[in-house]
Amino acid sequence: MEKVAVIMSVYNGELYIREQIDSILNQKGIQLVLFIRDDGSDDSTVKIIEKYSQEYENVVFWNKEDRKNLGVKKSFFSLLKEVCERYKDINYYAFSDQDDYWKENKLIAAIKQRVQGKKWLYYSNKTIVDESLNILQEENLKYYGDYFEIFWGALASGCTMVFNRELAECVLNARKEIQLLHDSQFYRVAKSVGASVIFDKNSYILYRQHGKNVCGIDVIKPTHYRWSSLLNPPQRFISNLATDLYQAYYPDLSKEAKYYLELMMNYVDTPYARFKLIFDKQAMRRGFFLYIIWVGKLLLKRI
């Protein structure tokens with residue numbers, strides 16, 4: 001039976017954290033250890049975590065004595081790094097929010113699709129619910145499975161992710177800071193280093209939306225490149241991201257990643273790079289309207 005480390009960062013989560021922890025402890029078909037890091041809560045969250053850690057051997061309150069506020073990404077990454085270093089017998093990891101509800105087969109569904117011998121990342125759709133777990137929307141991500149997905153928004157939510165030690169160590173060993181949330185960075189790095197990325201169209205998680213979400217979602221299906229975005233200032237988020245990924249992970253990048261990242265890094269000053277990105281088959285797969293906006297943003301140098 002495989003062992004999974006569940007990595008949970010919490011901040012003022014007293015309203016829903018009990019339900020989330022209970023659903024994690026109710027996972028079937030795997031062994032798990034739940035590692036919780038509190039990011040400076042000032043409500044009753046700490047007392048709740050202490051109670052669970054006293055009652056369950058597989059619930060670890062990681063920073064009971066030093067609850068410094070690091071922010072979402074640094075809190076998750078610091079906990080993941082320490083767990084990787086200290087628990088060599090655990091080879092699989094999952095991120096957890098503080099306010100969702102996991103179906104009992106969430107982790108085993110992922111573990112059954114694991115890939116041995118290489119970097120591996122699994123993610124799935126979510127069921128979006130309200131405070132009382134009433135269904136608002138079933139997520140239905142459009143999965144293309146190509147490298148261009150890193151330029152069109154990070155589709156993989158951290159709360160659905162399961163990944164192995166090889167990928168975790170690779171992501172954590174970045175050679176420079178990347179300005180992305182933990183899950184967005186994991187997804188883009190996985191695609192860039194040739195990891196096996198597995199998307200499951202099924203949902204095994206109730207993703208709760210309420211007034212105090214640390215990270216939330218628009219219930220209306222988002223559109224990554226709206227017409228109005230053509231008028232926005234040229235912040236060039238994607239081209240800057242390409243530079244960061246290239247510099248942070250160059251030795252580990254796949255041949256495909258190097259090709260696309262170099263094009264994106266150079267498209268502003270190099271007509272050839274713009275030409276290649278405009279007429280790339282992966283871009284054309286996104287549909288007529290999204291493709292036209294993509295071309296417009298390239299020509300206006302706003303990507």
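This is a short walk through the chain, one selection at a time.

**The whole chain**

Start zoomed out, and keep in mind that you're looking at a predicted model. Show the cartoon and you'll find 11 helices and 9 strands. Put a box around the C-alpha atoms along the principal axes and you get roughly 65 × 40 × 35 Å. How does the radius of gyration sit against that of a compact globule? With 303 residues, such a globule would come out near 19 Å, and the chain has 20 Å, so the two agree.

Colour by burial next: buried residues make up 53% of the 303 residues. Switch on the surface, and you have about 14,300 Å² of accessible area, with 49% of it belonging to carbon and sulfur atoms. If you like contact maps, count the contacts with a separation of 6 or more; 78% of them are between residues 24 or more positions apart. For charges, pick out the 43 positive and 38 negative ones: their mean positions are 8 Å apart.

**Stop 1: helix H7**

Select residues 237-249. That's helix H7, 13 residues long, reaching 18 Å from its first C-alpha to its last, close to the 18 Å expected at 1.5 Å a residue. Now show side chains for its buried residues, among them Ile 238, Leu 241, Leu 245 and Tyr 249. What do the buried residues of H7 pack against? Add helix H5 (165-172), helix H6 (182-192) and helix H8 (255-266) to the view, and you have the packing partners.

While you're in H7, click on Asp 244, which lies in this helix. Is Asp 244 buried or exposed? Its relative accessible area is 16%, so Asp 244 goes down as buried, the cut-off being under 20%. Leaving out residues up to four places away in sequence, Asp 244 touches Lys 176 and Ile 178. Draw a C-alpha to C-alpha distance from Asp 244 to Glu 177 as well: you'll read 7.8 Å, across 67 residues of sequence.

**Stop 2: helix H5**

Slide over to H5, one of the partners of H7. In H5, light up Arg 165, Leu 167, Ala 168, Cys 170 and Val 171, which are buried. The cover over these buried residues comes from several directions: it includes helix H3 (72-86), strand E4 (92-96), strand E6 (120-129) and strand E8 (162-164), along with H6 and H7.

**Stop 3: Ser 196 on strand E9**

Select 196-208 for strand E9, and pick Ser 196 in it. Ser 196 has 16% relative accessibility, so it counts as buried. Beyond residues up to four places away in sequence, Ser 196 touches Val 115, Lys 118, Lys 119, Trp 120 and Leu 121.

**Stop 4: Leu 32 and Asn 105**

Go to strand E2 (residues 31-38) and choose Leu 32. With 10% relative accessibility, Leu 32 is also counted as buried. Outside the residues up to four places away, its touching partners are Val 4, Ile 24, Leu 25, Gln 27, Asn 58 and Leu 107. For a sense of scale, stretch a line from the C-alpha of Leu 32 to that of Asn 240: they're separated by 38 Å and 208 residues apart along the chain.

Keep Gln 27 on screen and add Asn 105, which is in contact with Gln 27 and Tyr 204 once neighbours within four places are set aside. Asn 105 lies in the loop between strand E5 (101-102) and helix H4 (106-111). Its relative accessible area is 32%, so Asn 105 is partly exposed. Gly 29 is 76 residues from Asn 105 in sequence, yet their C-alpha atoms are 7.7 Å apart.

**Stop 5: two backbone oddities**

Most residues other than glycine have a negative phi. Which way does the phi of Asn 12 go, positive or negative? Asn 12 isn't a glycine, but has a positive phi of about 45 degrees. You'll find Asn 12 in the loop between strand E1 (3-10) and helix H1 (17-25), and at 27% relative accessibility it counts as partly exposed. Leu 133 also has a positive phi, near 70 degrees, and this residue lies in the loop between E6 and strand E7 (135-138).

**Last stop: Trp 294**

Finish in helix H11 (residues 288-299), where you can select Trp 294. At 0% relative accessibility, Trp 294 counts as buried. From its C-alpha to that of Lys 191 is 20 Å, with their positions 103 residues apart in sequence.

Key. Residues are numbered from 1 along each chain as its sequence is written. This is a predicted model: local features need pLDDT of at least 70, side-chain atom pairs count only at pLDDT 80 or more; totals for chains, interfaces and linings use all residues. Side-chain values use heavy atoms; hydrogens and water are left out. Helices (H or I, at least four residues) and strands (E, at least two) are DSSP runs, numbered from the N terminus. The radius of gyration is taken over C-alpha atoms; the globule rule is 2.2 Å times the number of residues to the power 0.38. Buried means under 20% relative accessible area, exposed over 50%, partly exposed in between (1.4 Å probe, protein chains only). Contact means heavy atoms within 4.5 Å. Accessible areas come from the Shrake-Rupley method with a 1.4 Å probe; for residues, only the protein chains shown count as cover. Lys and Arg count as positive and Asp and Glu as negative; His and the chain ends are not counted. The place of a charge is taken as NZ of Lys, CZ of Arg, CG of Asp or CD of Glu. The expected span of a helix is 1.5 Å times one less than its number of residues.
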